[in-house]
There are 2 protein chains.
Amino acid sequence: MIGVQNRIQELRKVKKLTQDEIAKLCNVSRQTINAIENNKYDPSLSLAFDLAKSLETTVDELFNERKTR
Amino acid sequence: MIGVQNRIQELRKVKKLTQDEIAKLCNVSRQTINAIENNKYDPSLSLAFDLAKSLETTVDELFNERKTR
DNA sequence: ATTAAATGTACAAGGTTTTTTACATTATTA
DNA sequence: TAATAATGTAAAAAACCTTGTACATTTAAT
C-alpha cells in the first residue's frame, strides 16, 4: 500500500475514458495509469497535476490523504 | 527546472518556521526541504501533502502548475 | 567583530516511479 | 461463439526522489 489513495478510476469512468486514452493525455504509458489506479505506487507530483487537469479536478480532490508515509 | 513551482518558502516564512523545523514536521531531511524550495526537484506526492498540511494549505495552493514535464 | 543559526551545495548510496516489451485475463461487441 | 478492446501483471532498465555526511556561505544575535 502507498501513502495516497486516489479516485482516478472513478472519475475516468465518468468521462468514459480508457486507461490508454488518459495515458496519452498525460504523456505516460498505459501501465503507469494502471499501476496508479491499482495503488501500486503514487504518481509523481507533476503527473498528479496532469491527471487532475485531464479529469477536470484538483490534486486535492483526486488524491485523498492517508495516514502512512 | 522542474515541472511544478511552489510557494513553500513564502508560506514557511509566514509561519516563522526554519527549513529544519518543517523538515521535522514532514519527517524528511532539511536538504530535501531546501532542494524543493530551490526547485532542484519536485517532492513526492506524499511529501507534497505533508507539506501542505504543515503549512495549513492545499497541494493545489502550494504548487502551481507549470508547462513542462 | 565574533559567534551561532540558518541556508546553500555536493556527492554517493538507496529507494521509488516510469518505461518498454510482452503476455494473460476479463469485458464488450459482432 | 468468436473476435476485439480493455485491463491486469511481470521483470529489467532508466530516471527521479531522498538520505547522510560534510562543508561553505549568508543572516541574525551578542
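1. Helices and strands are here DSSP runs, a helix having at least four residues and a strand at least two, and they are numbered from the N terminus. With that numbering, H3(B) gives the most to the surface near DNA strand D, with 4 residues. The structure under review is a predicted model.

2. The surface near DNA strand D takes two or more residues from H3 of chain A and likewise from H3 of chain B. In total, 20 residues surround DNA strand D. The closest are A:Gln19, A:Asn34, B:Ser29, B:Gln31 and B:Thr32, so both chains appear in that list. By class, this surface holds 5 nonpolar, 10 polar and 5 charged residues.

3. Which parts of DNA strand D come within 4 Å of the protein? Sugar and phosphate make up 60% of the atoms of DNA strand D that do so.

4. Three side chains of chain A deserve a look beside DNA strand D. A:Asn34 has a side-chain N or O atom 2.4 Å from a phosphate oxygen of this strand. For A:Lys40, a polar side-chain atom lies 3.5 Å from a phosphate oxygen of DNA strand D. A:Arg30 is placed at a base instead: a polar atom of its side chain is 2.9 Å from a base oxygen of DNA strand D.

5. DNA strand C also has 20 residues around it. Those that come nearest are A:Gln31, A:Thr32, A:Tyr41, B:Gln19 and B:Asn34. Of the atoms of DNA strand C within 4 Å of the protein, sugar and phosphate account for 58%. The residues of the surface near DNA strand C are 5 nonpolar, 10 polar and 5 charged.

6. Which helices each supply at least two residues of the surface near DNA strand C? They are helix H3 (30-37) of chain A and helix H3 (30-37) of chain B. H3(A) gives the most, with 4 residues.

7. On DNA strand C, the side chains to inspect belong to chain B. B:Arg12 has a polar side-chain atom 2.9 Å from a phosphate oxygen of the strand. A phosphate oxygen of DNA strand C also lies 3.4 Å from a side-chain N or O atom of B:Lys40. B:Arg30 has a polar side-chain atom 2.9 Å from a base oxygen of DNA strand C.

8. The two protein chains also touch each other. In this interface, 20 residues of chain A are in contact with 20 residues of chain B. The chains bury about 1,800 Å² between them, and 55% of that is on carbon and sulfur atoms. How many salt bridges does the rule find across the interface of chain A and chain B? It finds 0. Polar contacts are found there, in 3 residue pairs with both residues at pLDDT 80 or more.

9. On the side of chain A that touches chain B, the elements giving two or more residues are helix H4 (45-54), helix H5 (59-62) and strand S2 (63-65). H4(A) gives the most to that side, with 7 residues. Its residues divide by class into 10 nonpolar, 4 polar and 6 charged.

10. How are the two copies arranged? Chain A superposes on chain B by a rotation of 180° with 0.0 Å of shift along the axis, at an RMSD of 0.0 Å. The copies are therefore related as by a two-fold rotation axis. Within chain A, A:Leu45 has the C-alpha nearest the axis, 2.5 Å from it. Both copies use the same surface, as 100% of the contact residues of chain A recur in chain B.

Definitions and conventions. Residues numbered from 1 in each chain as written. Chains lettered and ligands numbered in written order. Predicted model: local features only at pLDDT ≥ 70, side-chain atom pairs only at ≥ 80, totals over all residues. Heavy atoms only, no water. Polar contact = N/O pair within 3.5 Å; in protein donor to acceptor, adjacent residues only side chain to side chain. Nonpolar A, V, L, I, M, F, W, Y, C, P; charged D, E, K, R; others polar. Contact = heavy atoms within 4.5 Å. Buried area = accessible area lost by both parts, 1.4 Å probe. Salt bridge = Lys/Arg side-chain N within 4 Å of Asp/Glu carboxyl O. Least-squares fit on C-alpha atoms with pLDDT ≥ 70 in both.
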